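Here's a quick tour of one structure, with an eye on strand pairing and aromatic contacts. Have the coordinates open as you read.

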Amino acid sequence: MLRREASMAIAGLAALIVLAPGQVLAVDVVYRTVAVAEVTDVPEGGDLTDIYNYSLDEGRLVIEGYSGNSDPSIDGLWAAEGNRLETVATTDTTIPGNIFQFVGFDSFGQDGAATVFVGRYPDACDANDCEGVYVEKDGGYRLVADTFDTVPDRETTFDSLGSPAMEGEHVAFVGSVQ
């Protein structure tokens with residue numbers, strides 16, 4: 001039986017090197033611990049209790065995790081900056097142009113210093129939470145689309161959003177309709 005001690009995010013160097021027969025190559029790989037559950041502090045207070053997911057782009061690591069000993073406990077996205085975490089968005093973040101705070105995150109990606117994510121928030125979206133695709137860069141947020149937006153060339157709104165990706169200023173995501 002495997003026992004899980006703690007969640008960790010570790011950044012390292014990986015390379016694929018093809019050698020001709022008879023050639024030998026010695027490579028030193030250096031790893032550094034970026035975040036450790038129940039050790040690494042989050043900016044909101046408390047520490048990172050669990051790590052759910054991550055994204056690595058151009059050396060920037062963004063993790064999705066949970067801080068159960070913050071007051072209140074929070075889910076969030078944090079970027080590893082050296083030996084500390086910087087907030088991308090958490091369930092303590094007020095949604096731009098809204099009075100609500102995010103209640104969770106479904107998926108995310110990044111391009112350089114910008115993070116794109118699907119954030120859920122409560123509102124008048126039937127029995128489900130509303131969703132929006134947001135870009136965070138340098139502490140500012142931009143709404144790309146949400147479940148109130150009309151689908152192009154359709155007379156309906158998005159039911160759900162997911163799988164965001166970005167390159168430069170271009171953002172792609174999956175939008176579902178019934």
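Two strands count as paired if DSSP finds at least two bridges between them. This is a predicted model, and in it strand 3 (residues 50-57) and strand 4 (residues 60-67) pair in the antiparallel sense over seven bridges. D57 has R60 in strand 4 as its bridge partner. The hairpin of strand 3 and strand 4 has two residues between the strands, and E58 takes a positive phi near 50° there.

Now for the rings. The structure holds six aromatic pairs. One of them joins F102 and F105: the planes sit at 50°, between the 30 degree limit for stacked and the 60 degree limit for edge-to-face, so this pair is tilted. F102 also pairs with Y134, and that pair is edge-to-face. Here are the two geometries side by side:

| Pair | Centre to centre | Angle between planes |
|---|---|---|
| F102 and F105 | 5.5 Å | 50° |
| F102 and Y134 | 5.3 Å | 85° |

Where do F102 and Y134 lie? F102 is in the loop between strand 6 (84-90) and strand 7 (104-111), while Y134 is in strand 9 (residues 130-137), so their pair ties together parts that are 32 residues apart in sequence.

Are these rings buried or exposed? Buried means under 20% relative accessible area. F102, at 1% relative accessibility, is therefore buried. Y134 counts as buried because its relative accessibility is 2%, and F105 does too, at 7%.

To put the rings together, F102, F105, F117 and Y134 form one aromatic cluster.

Terms used
Residues are numbered from 1 along each chain as its sequence is written. This is a predicted model: local features need pLDDT of at least 70, side-chain atom pairs count only at pLDDT 80 or more; totals for chains, interfaces and linings use all residues. Side-chain values use heavy atoms; hydrogens and water are left out. Rings of Phe, Tyr and Trp (its six-membered ring) pair if their centres lie within 6.5 Å; planes under 30 degrees apart count as stacked, over 60 as edge-to-face and the rest as tilted. Buried means under 20% relative accessible area, exposed over 50%, partly exposed in between (1.4 Å probe, protein chains only). Helices (H or I, at least four residues) and strands (E, at least two) are DSSP runs, numbered from the N terminus.
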